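User: I would like the labels used for this structure to be justified, one at a time.

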Amino acid sequence: MGTHGTEWQSVSPLPELGQMVCGTCRTLVSYPRGAPRVRCVSCKTINLVLEDHQIGNVNCANCEVLLMYPYGAPKVKCSCCHSITDVGEHNQRPRLADQQGPPPHAVI
């Protein structure tokens, strides 16, 4: 029993949420972090959730909006103007050493 005769209940913490735009209807969808897929509440499309290290960015060759794509994709279709942009050199992931930065200096 808590103070004043009330009973304390343990409350589970809320899961950390991520957000993505549905690939079909462009609705912003929230989902629990770590979920591999999320169903859009508007159009019911099941979207694959990609983590930050699995996504590349390139500007649309026509309207210059920033596009996201999964690494390995040779081209990406713009959701605004529907033009196709070749990913090319932007598709190569940085080497792991480049992502991590320089090694820390050893203290002797």
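The exchange below takes up several labels in turn.

Analyst: This is a predicted model, in which local features need pLDDT of at least 70 and side-chain atom pairs count only at pLDDT 80 or more, while totals for chains, interfaces and linings use all residues. Residues are numbered from 1 along each chain as its sequence is written, and side-chain values use heavy atoms, with hydrogens and water left out.

User: Why is V29 called buried?

Analyst: Buried means under 20% relative accessible area, exposed over 50%, and partly exposed in between (1.4 Å probe, protein chains only). V29 has a relative accessible area of 4%, so V29 is buried. V29 lies in strand 2, residues 28-32; strands (E, at least two residues) and helices (H or I, at least four) are DSSP runs, numbered from the N terminus.

User: What is V29 in contact with, leaving aside its neighbours within four places in sequence?

Analyst: Contact means heavy atoms within 4.5 Å. On that basis V29 touches G18, Q19, M20, C22, V38, R39 and C40.

User: What makes R26 partly exposed and H82 exposed?

Analyst: R26 has a relative accessible area of 46%, which lies between the two cut-offs, so R26 is partly exposed. H82 has 52%, which is over 50%, so H82 is exposed. R26 is in the loop between strand 1 (17-21) and strand 2, and H82 is in the loop between strand 7 (75-77) and strand 8 (84-86). Phi is positive in both non-glycine residues: near 70° for R26 and about 65° for H82.

User: How do you know that strand 5 and strand 6 pair?

Analyst: Two strands pair if DSSP finds at least two bridges between them. Strand 5 (residues 55-59) and strand 6 have five bridges, in the antiparallel sense, so they pair. One of the bridges joins N57 to M68 in strand 6. The hairpin of these strands has six residues between them, and E64 there takes a positive phi near 65°.

User: Which residues of strand 6 point to the buried face?

Analyst: In strand 6 (residues 66-70), L67 and Y69 point to one face and are buried, whereas L66, M68 and P70 point to the other and are not. In a regular strand the side chains alternate between the two faces of the sheet.

User: Why is T85 called buried?

Analyst: The relative accessible area of T85 is 4%, which is under 20%, so T85 is buried. T85 is found in strand 8. Its side chain reaches the backbone nitrogen of A61 at 3.0 Å. Leaving aside neighbours within four places in sequence, the contacts of T85 include V58, L67 and V76.

Technical notes. Polar contact = N/O pair within 3.5 Å; in protein donor to acceptor, adjacent residues only side chain to side chain.
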